[in-house]
Number of protein chains: 2
Amino acid sequence: MPLLPEPLDRLAAEFARLPGVGPKTAQRFALQVVGWSVDASRGLERALADVRDGVGRCPTCGFIAPTGELCAVCRQSGRDTGLVCVVAGPTDVLAIERSGGYRGLYHVLGGTLSPIDGVGPEALNLDRLEARVRESGVREVIVATDADVEGEATAAYLAERLQPTGVSLTRPAHGLPVGGELAYADERTVAQALTGRLPV
Amino acid sequence: MPLLPEPLDRLAAEFARLPGVGPKTAQRFALQVVGWSVDASRGLERALADVRDGVGRCPTCGFIAPTGELCAVCRQSGRDTGLVCVVAGPTDVLAIERSGGYRGLYHVLGGTLSPIDGVGPEALNLDRLEARVRESGVREVIVATDADVEGEATAAYLAERLQPTGVSLTRPAHGLPVGGELAYADERTVAQALTGRLPV
């Protein structure tokens, strides 16, 4: 006979689908929920339903947006619509917006190329990007995918695919973190910072 | 203007009430949910509602049980009803049951005494324990709270409170982990293992 009621095991299995949540953590979440008040549990259920019904992806750039509407960035006036920064996911948009140093638009791929995990070009938001570049007067695409194997492969693929459009393609500069100390930077970052050195 | 739709921030705030989930992780969970299918989201909502309506605490021992029913341990025939093991939470019951070496019943306190966090005796499932000991023919109570400050304080409080009932009170043995090496055990464990040494 199982020790725990079936709904509890099922709730743990549902929690285990969240990123980085293993079976042990999922069970801890589910046991915690048993201790919640009815209102607390209803609060999470309602928030889930509201996100399911009311939140989706921006039809232009793929960032998080109210269902069927443009996202907050695409709606904002005063943005440089000729500049598009391509990122893997919505958290990258949040990070760049926090920096306050970017006034262009975004394009969220929804992942990076990873043949090992079966993520090919068709799984990413790429057709829409090509259409934007061809039809919306984009003059520069900044490819801001991460500097890991998948991110670099995605950047290389994008460069090849967008080359016929004649758009200018750039990558963010790699180098020493602002405020960081040379002695504590990793070797590849130091090498990139020296290769990409600028006149004072 | 906020970058993310209001329901997404609200969902993140709800996730942040799970144990060990900070604001960053909660936002990652919420963003993940946006990518889920309608069925996947509904699955979590339904599991939450089913736990809210169908899962509660055992009226006898405080372990997880179907609402209004005895838990799987209390319902099981062949258990030694004269032996009660007191633990802080339901995960302790699961750990002891996994060991396969215990055939008595349990009593789940729902926490440990912690004056700093405002957890006094009235916040724990103690009245019910005292009633069980007085009324249900319990001959031995094993106090299996953790060997940290709160666990030891809870054990001391319990000993004082149950002493008038004349029940036998024990603590699980502390010592070297089975299969563990002496050289890698911490000092307090080694000291406890030597103090509690047994004839070969």
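Which residue of strand 4 of chain B does B:Val86 stand opposite?

**Entry 1. Strand 3 and strand 4 of chain B**

I began with this pairing, keeping in mind that the model is predicted. I found B:Val86 opposite B:His107 in strand 4 of chain B. I then looked for the partner of B:Val84 in that strand, and I recorded B:Leu105 as the bridge partner. Strand 3 of chain B covers residues 80-87, and I counted five bridges between this strand and strand 4 of chain B, with the two paired in the parallel sense. I also looked up how far strand 4 of chain B is covered: four of its five residues are buried.

**Entry 2. The sheet of chain B**

I next traced the whole sheet. In chain B, four strands make an open sheet in the order 4-3-5-6, and their pairing is parallel. I noted strand 4 (104-108) and strand 6 (168-170) of chain B as the edge strands, each of which pairs on one side only. From one strand to the next I read an average twist of 25 degrees. I then looked at what packs on this sheet, and I found helix 7 (residues 149-162) of chain B, which touches strand 3, strand 5 (140-143) and strand 6 of chain B. The direction of helix 7 makes about 165 degrees with that of strand 5 of chain B.

**Entry 3. Surroundings of B:Val86**

I returned to B:Val86 and listed what it touches, leaving aside residues up to four places away in sequence. The list includes B:His107 and B:Leu109, and also B:Val141, B:Ile142 and B:Val143. B:Leu158 is another of the residues that B:Val86 touches. I then turned to the largest nonpolar core, which has 88 residues. The members that touch the most other members are A:Phe63, A:Val86, A:Tyr106, B:Phe63, B:Val86 and B:Tyr106.

**Entry 4. The sheet of chain A**

I repeated the tracing in chain A. Here, too, I recorded an open sheet of four strands in the order 4-3-5-6, with parallel pairing. Strand 4 (104-108) and strand 6 (168-170) of chain A are its edge strands, and each pairs on one side only. Neighbouring strands of this sheet are turned against each other by 25 degrees on average, direction ignored. I looked up the pairing of strand 3 (residues 80-87) with strand 5 (residues 140-143) of chain A, and I found four bridges between these parallel strands. In strand 5 of chain A, A:Val143 stands opposite A:Val86. Helix 7 (residues 149-162) of chain A lies across strand 3, strand 5 and strand 6 of chain A, and I read its angle to strand 5 of chain A as about 165 degrees.

**Entry 5. The contact between the chains**

How many residues does each chain give to the contact? I recorded 43 residues from chain B and 43 residues from chain A. On the side of chain B that touches chain A, the elements giving two or more residues are helix 1 (6-15), helix 2 (23-34), helix 3 (38-54), strand 2 (64-66) and helix 5 (90-99) of chain B. Helix 3 of chain B gives the most, with 13 residues. I divided the residues of this side of chain B into 29 nonpolar, six polar and eight charged.

**Entry 6. Relation of the two copies**

I superposed chain B on chain A by a rotation of 180 degrees with 0.0 Å of shift along its axis, and the RMSD is 0.1 Å. The two copies are therefore related as by a two-fold rotation axis. I looked up which C-alpha of chain B is nearest the axis, and I found that of B:Glu45, 2.6 Å from it. The same surface serves both copies, as 100% of the contact residues of chain B recur in chain A.

**Entry 7. Two loop residues**

Is B:Glu122 buried or exposed? I placed B:Glu122 in the loop between strand 4 and helix 6 (127-135) of chain B. B:Glu122 is exposed, because 7 other C-beta atoms lie within 10 Å. From B:Glu122 to B:Pro199 I noted 77 residues in sequence and 42 Å in space, C-alpha to C-alpha.

In chain A, I located A:Leu182 in the loop between strand 6 and helix 8 (187-195). A:Leu182 is exposed, with 9 other C-beta atoms within 10 Å. Not counting residues up to four places away in sequence, A:Leu182 touches A:Leu176 and A:Val190. The C-alpha atoms of A:Leu182 and A:Thr60 are separated by 40 Å, and these residues are 122 residues apart along the chain.

Note on methods. Residues are numbered from 1 along each chain as its sequence is written. Chains are lettered from A and ligands numbered from 1 in the order in which they are written. This is a predicted model: local features need pLDDT of at least 70, side-chain atom pairs count only at pLDDT 80 or more; totals for chains, interfaces and linings use all residues. Two residues are in contact if their C-beta atoms, placed from the backbone, lie within 7 Å. Ala, Val, Leu, Ile, Met, Phe, Trp, Tyr, Cys and Pro count as nonpolar, Asp, Glu, Lys and Arg as charged, and the others, Gly among them, as polar. A nonpolar core is a set of buried Ala, Val, Leu, Ile, Met, Phe, Trp, Tyr and Cys residues joined through C-beta atoms within 7 Å. A residue is buried if 20 or more other C-beta atoms lie within 10 Å of its own, exposed if 12 or fewer, and partly exposed in between; C-beta atoms are placed from the backbone. Two strands pair if DSSP finds at least two bridges between them. Axes are lines fitted to C-alpha atoms, for helices over the stretch in contact, and angles run from 0 to 180 degrees between N-to-C directions. Copies are superposed by least squares on the C-alpha atoms of residues with pLDDT of at least 70 in both.
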